Amino acid sequence: MDLATRTETLGKSTTTNAEAHLRLPVSGMTCGSCVRRVETGLERLDGTGEIAVNLAGEHVDIAYDPARLAPHDLVKAVEAAGYDVPLREVDLALEGMTCGSCVARAEKALLATPGVISASVNLATERARVTVAEDAVIDEAIRAVSDAGYEAQRVSQEEPGAGAPAYPDDNREKLHLAIGIVLSAPLVLPMLGMPFGYHWMPPGWVQVLLATPVQFWLGARFYLSGWKALKAGTGNMELLVAMGTSAGYFLSLYMLIGYWLSPHAGMGHEPEYYFEAAAVIITLILLGKFLEARAKRKTADAVRALAALRPDTARLRRDGEDAIVPIAQVRAGDIVVVRPGERVPVDGTIREGESEIDESMVTGESLPVHREEGARVIGGSINGSGRLIIETTAIGQDTTLSRIMKLVEGAQASKAPIQKLVDKVAAIFVPVVVVIAAITLVIWLVIDGDVEKAIVTAVTVLVIACPCALGLATPTAIMAGTGAAASNGILIKDAEMLERAHAIRAVAFDKTGTLTLGKPALAGFTPMAGAGEGASDDLLAIAAALQEGSEHPLAGAVVTAAKEKGLALPQTQAVKAVPGRGIEGSLDDGARYAIGSARQMADHGIALDDLAEAAQEEAARGRSISYMARIDGTARLVAWMSFADQPRESARAAVAKLREIGITSIMVTGDNEAAARAIARAIGIDEIRAEVAPEDKARIVTELRAIHGAIAMVGDGVNDAPALAAADLGIAMGSGTDVAMEAAGITLMRSDPLAVADALDVSRRTRSKIKQNLFWAFIYNTGGIPLAAFGLLNPIIAGAAMAFSSVSVVSNALLLRRWKPAGGR
């Protein structure tokens, strides 16, 4: 049998009690030795059983003990062996979750599904993010959620924004709430007269007629959800409400029947019933849920606002004719026409026209920005007074707006590390409360002997002990905080980045394009002595020709200067970039040149001693120096260049703002030290690391961490990506590259250093809200349960407190929506 098609199987002799099986896709295997490496990597784990690696099918089947190993441990073992495990991330919309214990139960069901690698359930968004090895596993995961008592369906990933949570129908909830208020009012209003000696409570038969529809029609949801929880072997908020209100209702019904069966029926005062407590508790909870849903809907406004920016149609130009077509029909390379006042439908490049573009909803820029021919425009922005002809460069999920929405949705669906502990507490909370209520009932029966009082006290314990606030404390704050940040052009990748941001003690800035405009101009081009008349323009044309295809800002400055002089550029060949050094290439006549840093000149054995003084003078003025040498024979210097790049207007304010909040600012640059110090003085930075090669930036970040503590790195280029990844928190300027944005934990959509301070500020405020919410949620439960158990709370007051605890948590989180960046909008 051919090695490439046979299945390599290892029967592993082991005493492991392997009860679960997992199939993982594996990419990168090419031969039998690859098979053995995968097997060996998995064998080393304590808890694996039989391992079968299929080379042709590119997968591995693993038997393992779930008590000792989790699926992600197996994935890590395969990756550690040097191979990739292609995984799929899928969002599920969940229905029926009401509290923190629901989150824990849904997650447990998902993680118990064979093939699910990881799962994270978010109560605020009512979503589950599931990582699977095979797409077919999703159907099994949905069935597992259904068995746990909830409804689940897959969320379409075709269009960003599909993940925005859908909350209960407002009209239905309003109707149920209105009916509850109408039926409960005759039961609760008479209680207002009791302190003044007025007893207006209707007779028992009227009370039961009013309370029964509330208990069993409006309250049916609590029975249904509670029953599902019981079938799944656990409990939830609805179970507590159903038990508590049922106890009050049936105790009252028992007392009513007893009264009417007694010889004194219809004579004298009736007993004091608790129908009003059961009905009012349910009505208050419906009111709380209604307000909570409306507040939660506001926390998701950021995603909906972004989704609303996408136009449904575009004015497409084909064969000289303009036609309005659905946006889905536009393809990359198509020409679209945008009239004044219209929304730009696609990402693209302006081919004709110029205008002022309002990008505020996308980038957070407070003022419209001028865009002309050759400039890029962002889909979703609003055109000003000019007519634009735009060539489409990105459509669908590849557009800037879609990428922003994905980042925001991902952040809002993520779970902060502290939430994992909260979920564990919530998972055991309901059973513990039921036990406490039972103990309360027994103790009151023993101590007081009053059955009625014992039941009412136990009911109060059940009603007040709802873990809703615990489950909502963290996700609502994350949703509100990341939404407010996104509305101001700050994209936070996930909740973990929020956790990291609060610990940052120093920020390392890349200089070019971050602290400076990143658009240096050629300030001086000096040929070496003996170059001859006309050599300046000739050498400048050669330098521009060699660097014409480079994206480096200094190269762009040389090309711009040559074009402004109207110089004809010669033909070049064999041009290549030398990382961290510069560029090399040849002309058609064979002459070969090198352009770049002093390090590149040193590589070719060229001494720069004669230029040391001039270079220092230029550097003292904040200018960067580059050199040009001919290297096809004996290497010799032929010219040198100086470049001027202006600091960004907000750079000094950004450094000052960071200093105010106790954060040190550091400049990391490849420029010589004198030039770096000139820029540092201009913007107020005290510490610099100059002449740092791109490949050394990650090492410098590590060194700075040892000195200052947790560090953030700010950059915008490909060369910054390793440093962004190495930092505790990577912050990418949105004007930079996709590579830098991918490596970063926070992306700034506007090229403004002040936004760095804003990003850290909103992160700290969000984490502060999380801590506030968790504090009050824990205080509410730990304080409310003892008061209820000691008989110091009325059931109606307990119901009101429980209903509004989650509302208060969500409302507190919503205060983050008022946050504005330091520069304003």
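How many salt bridges does a search of the whole structure find? The count is 30, and the points below take up three of these pairs after a look at the nonpolar core; the model is a predicted one.

1. The largest nonpolar core holds 129 residues, and those that touch the most other members are L94, M97, L110, V507, M667, L729 and L748. Helix α27, spanning residues 754–789, supplies the largest share of this core with 13 residues. In soluble globular proteins, nonpolar side chains tend to be buried together.

2. V507 deserves a separate look, since leaving aside its neighbours within four places in sequence, V507 is in contact with L658, I663, T664, S665, I666, A712, V714, V756 and L760.

3. E39 and R36 form a salt bridge in which the closest N and O atoms are 3.2 Å apart, and the two residues, three apart in helix α1 (residues 32–43), are separated by about one helical turn. E39 counts as buried at 6% relative accessibility, whereas R36 is partly exposed at 39%.

4. A salt bridge also links the side chains of R500 and E496, at 3.1 Å from N to O; both residues belong to helix α16 (residues 495–501), where they lie four residues apart, about one turn of the helix. R500 is partly exposed at 33% relative accessibility, and E496 is likewise partly exposed, at 38%.

5. D696 and R699 meet through their side chains in a salt bridge of 3.9 Å, N to O, and salt bridges that share partners join R689, D696, R699 and E703 into one network. D696 is partly exposed at 27% relative accessibility, as is R699 at 42%.

Notes
Residues are numbered from 1 along each chain as its sequence is written. This is a predicted model: local features need pLDDT of at least 70, side-chain atom pairs count only at pLDDT 80 or more; totals for chains, interfaces and linings use all residues. Side-chain values use heavy atoms; hydrogens and water are left out. A nonpolar core is a set of buried Ala, Val, Leu, Ile, Met, Phe, Trp, Tyr and Cys residues joined through side-chain atoms within 4.5 Å. Buried means under 20% relative accessible area, exposed over 50%, partly exposed in between (1.4 Å probe, protein chains only). Contact means heavy atoms within 4.5 Å. A salt bridge is a side-chain nitrogen of Lys or Arg within 4 Å of a carboxyl oxygen of Asp or Glu.
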